[in-house]
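Biologist: Please take a close look at the salt bridges in this model, and then at whatever backbone and packing details can be set beside them. Give the cut-offs as you go.

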Amino acid sequence: ERVIASRQGPHLRLAGGGAGIINFCANNYLGLSSHPEVIRAAVEALEKFGAGLSSVRFICGTQSIHKDLEEKIARFHQREDAILYASCFDANAGIFEALLTPEDAVLSDELNHASIIDGIRLCKANKYRYKHMDMQDLEAKLKEAQKHRLRLVATDGAFSMDGDIAPLREICQLAQKYDALVFIDECHATGFLGPNGRGTDELLGVMDKVTIVNSTLGKALGGAAGGYTTGPKPLIDLLRQRSRPYLFSNSLPPAVVGCASKALDLLMESNAIAQSMAAKTQRFRSKMTAAGFTISGKDHPICPVMLGDARLASVMAEDMLNRGIYVIGFSYPVVPKGKARIRVQISAVHSDEDIDRCVEAFTEVGRKHGAL
């Protein structure tokens with residue numbers, strides 16, 4: 001783990017003297033982690049509501065700001081209600097066990113995030129795994145699952161390792177055909193995908209067909225911590241009574257709530273920040289492709305530079321840091337064998353010059369190590 005000695009942002013100072021580093025590996029998609037209004041909102045919440053609640057929500061840990069943020073999240077996603085968690089990992093750990101019984105079935109994309117996989121493991125429902133974004137396989141599994149009481153299709157909206165986007169239109173069509181519910185994890189979509197940054201369901205025009213949305217406050221929405229589930233009010237009521245990570249975890253600290261609330265205010269006031277992502281993402285992807293690199297995914301600020309070899313990804317990432325560009329190599333078991341890559345993540349606060357410097361460094365390092 002590299003140690004950062006400054007705020008999170010497009011430019012970092014690393015412990016040990018590394019200064020002027022351009023950061024391309026944070027989930028700070030909208031650049032709100034160090035936004036002055038977000039920081040000010042956190043300070044105000046800290047001063048007014050204290051450092052923390054020293055309690056879980058249902059005992060004496062719910063403040064007005066928690067209820068206000070839940071209402072704001074539901075309004076942002078155009079859902080009936082929402083419930084806060086300490087993280088989206090907790091939200092994913094808490095929903096399947098509470099919602100599904102041994103009479104039910106859950107159908108999960110094989111490349112879903114580890115937190116979805118772990119959440120599904122905790123429940124007693126019948127488990128089906130379909131091939132990544134393979135609608136023929138999903139339909140076959142849905143046919144097989146017709147014998148169960150309730151069917152839930154679970155998928156990431158945007159997949160974090162490959163930067164690809166789930167085919168939600170087709171998933172929702174199949175769900176309607178086979179009487180299933182649709183669950184999406186929007187951690188790598190909330191705040192910047194879709195015309196108003198509401199996520200992949202907005203991007204693909206299926207907001208009224210996706211039943212449950214889980215997402216995070218710890219990436220685009222301020223970058224501090226926290227997660228949530230939003231959807232039908234009866235589901236949220238059930239989770240307040242039955243979801244173990246909610247019942248047995250301390251309330252979100254007021255400063256974190258203040259950060260996220262202000263981030264949502266900024267997004268709902270204007271879609272300018274969300275819209276700025278598209279041009280910056282396209283700039284990086286097109287320049288890297290022109291240089292001869294293979295970039296996985298499509299039109300997403302997660303831009304995996306595919307290299308194949310684990311050692312190559314590692315040494316190239318190290319050489320990039322020596323040139324002032326902070327990126328990380330990914331290899332097995334984080335990604336499949338033979339699929340090693342350097343994952344680059346674009347932020348709204350990267351300048352065109354930052355992006356161009358990154359491409360230049362990749363080109364130099366790629367030539368040096370025979371990747372081009």
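Modeller: What follows goes through the salt bridges, then one helix pair, one buried residue and some backbone details.

The model is predicted, so local features are taken only at pLDDT of at least 70 and side-chain atom pairs only at pLDDT 80 or more, while totals for chains, interfaces and linings use all residues. Numbering starts from 1 along each chain as its sequence is written, and side-chain values rest on heavy atoms, with hydrogens and water left out.

Side chains of opposite charge can pair when their charged atoms come close. A salt bridge here is a side-chain nitrogen of Lys or Arg within 4 Å of a carboxyl oxygen of Asp or Glu. The structure holds 21 salt bridges. One of them joins the side chains of Arg57 and Glu70, at 3.1 Å from N to O. Arg57 belongs to helix α2 (residues 57-61) and Glu70 to helix α3 (residues 64-77), so this pair ties together parts that are 13 residues apart in sequence. Helices (H or I, at least four residues) and strands (E, at least two) are DSSP runs, numbered from the N terminus. Arg57 and Glu70 are both buried; buried means under 20% relative accessible area, exposed over 50%, and partly exposed in between, with a 1.4 Å probe and protein chains only.

Another salt bridge pairs Glu71 with Arg75, at 3.0 Å from N to O. These residues are four apart in helix α3, about one helical turn. Glu71 is partly exposed, at a relative accessible area of 43%, and Arg75 is also partly exposed, at 43%.

Arg283 and Asp352 form a salt bridge in which the closest N and O atoms are 3.7 Å apart. Arg283 sits in helix α12 (residues 272-291) and Asp352 in helix α14 (residues 352-368), so the pair links parts that are 69 residues apart in sequence. Arg283 is partly exposed at 27% relative accessibility, and Asp352 is partly exposed at 34%. Salt bridges with shared partners also join Arg57, Lys67, Glu70 and Arg240 into one network.

Next, the helix pair. The axes of helix α6 (residues 135-144) and helix α7 (residues 168-177) come within 11 Å and cross at roughly 20°. Axes are lines fitted to C-alpha atoms, for helices over the stretch in contact, with angles from 0 to 180 degrees between N-to-C directions. Helices α6 and α7 are therefore roughly parallel, the term for angles under 35 degrees. The contact (heavy atoms within 4.5 Å) is made by Met135, Leu138, Glu139 and Leu142 of α6 and Glu170, Ile171, Leu174 and Lys177 of α7.

Ile95, in helix α4 (residues 88-99), is buried at a relative accessible area of 1%. Neighbours within four places in sequence aside, Ile95 is in contact with Phe183, Ile212, Asn214, Thr229, Leu235 and Leu239.

Last, the backbone. Most residues other than glycine have a negative phi, and most peptide bonds are trans. Ser54, which is not a glycine, has a positive phi of about 55°. Ser54 lies in the loop between α1 (36-49) and α2, and is exposed at 70% relative accessibility. Asp299 also has a positive phi, near 55°; its place is in the loop between α12 and β10 (302-308), and Asp299 is partly exposed at 48%. The peptide bond from Tyr332 to Pro333 is cis, with omega near 10°, and Pro333 is in the loop between β12 (328-330) and β13 (340-345).

Technical notes:
Parallel < 35°, antiparallel > 145°, perpendicular 65-115°, else oblique.
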